[in-house]
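Hello,

Here is the structure I promised to pass on to you. My notes on it follow below, so please read them with the model open.

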Amino acid sequence: QKVEVAGRLWPDRSNELVVMFSPAARAPAIAQVQFTGSMAISAEALQTAIAPVAIGAAFTEEGFRAMLDATVRRLYEAKGMLRVDFPRVTSAPAEGIDGVAVLVEVAEGEVYTLNRVNIQGSSAPEAELLKAAALKTGEPANFEEVQAGLERVRARLGAAGFLKPELRVERILRDADRQVDVVIHVEAGPRFVMGKLMVAGLNLDGEAQIRRLWAMKPGEPFNNTYPGFFLSRVREDGVFDNLGAAKASLAVNEAALSVDVTL
């Protein structure tokens, strides 16, 4: 039987381009997903996690494993099960439904404890960023919380004027002790300063009052949380009667490494 095939260039796991040949017909759609071997998380919870991205999508094993990593693996890593694996993924025509039923074997692995957290490569004091991350050691390594800690570090850098940091998490697994060390690599990037303050929508007296209250001076490190905080305090303190909409817009000057604020 002759089958029409199509060829294409596709990046492999090392991001090198390879030539792939496959049937020209569209891959069958995923109609069902089932799990075996799961104990710490119910099969129903795993099905609920993957269904929104998998059901109706074309089935290829590589594509489906990417879906597992983006959904199911995250559930296990929130419980500290960092060696979770999916040793077998099989598919067969679904009964009574157009599409394929996918069966996933789960090897959950052991729970790892968060042993140590380090910050590397930052211009800001390590102790300050570790405090901002607020990750608790000696407990199961919840990597959902690690990601939340990463965002807290990003927010702390933004409040210090580092508006475009690059952050990366490295895991160092100690299988013998079932422990993991986390290293947060920080490239803080350039530090931005306060530029000009502009006020719109108020008369001269109101603008003067706003300028008296505004604390961030030109040339100081720009705190990207301050404009929103300032406007909320203006509203809460009742500085103006019947204050309507109030918002802050930022104009970032990349060349001057400054930020102009319009209230």
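The second largest pocket holds about 210 Å³ of space. By pocket I mean, on a 1 Å grid over the protein atoms alone, an open set of points where a 1.4 Å probe fits, with protein on both sides within 12 Å along at least five of seven lines. Points are joined across faces, edges and corners, and the volume is the space filled by probe spheres set on them. Its lining has 13 residues (each with an atom within 4 Å of a point), and Ala200, Leu243, Ala245, Ala246 and Leu263 lie nearest the centre. By type, the lining splits into 11 nonpolar, 1 polar and 1 charged; here Ala, Val, Leu, Ile, Met, Phe, Trp, Tyr, Cys and Pro count as nonpolar, Asp, Glu, Lys and Arg as charged, and the others, Gly among them, as polar.

A word on provenance: this is a predicted model, with local features needing pLDDT of at least 70 and side-chain atom pairs pLDDT 80 or more, while totals for chains, interfaces and linings use all residues. Residues are numbered from 1 along each chain as its sequence is written, and side-chain values use heavy atoms, leaving out hydrogens and water.

Now the sheets. Strands (E, at least two residues) and helices (H or I, at least four) are DSSP runs numbered from the N terminus, and two strands pair if DSSP finds at least two bridges between them.

One open sheet has 3 strands in the order E9-E11-E10, with mixed pairing. Strand E9 (193–198) and strand E10 (249–253) are at its edges with a single partner strand each, so one side of each has no neighbour in the sheet. The twist averages 25° from one strand to the next, using axes fitted to C-alpha atoms. E9 runs parallel to E11 (residues 258–262), joined by 4 bridges; methionine 194 has valine 259 in E11 as its bridge partner.

Another open sheet of 3 strands, also mixed, follows the order E3-E5-E4. E4 pairs with E5 (residues 100–107) in the antiparallel sense over 7 bridges, and alanine 92 is bridged to alanine 101 in E5.

Finally, the largest nonpolar core has 23 residues, and Leu114, Phe143, Leu157, Val180 and Ile184 have the most contacts inside it. Such a core is a set of buried (under 20% relative accessible area, 1.4 Å probe, protein chains only) Ala, Val, Leu, Ile, Met, Phe, Trp, Tyr and Cys residues joined through side-chain atoms within 4.5 Å. Helix H5 (143–159) gives the largest share, 5 residues.

Best wishes

Methods: Axes are lines fitted to C-alpha atoms, for helices over the stretch in contact, and angles run from 0 to 180 degrees between N-to-C directions. Buried means under 20% relative accessible area, exposed over 50%, partly exposed in between (1.4 Å probe, protein chains only).
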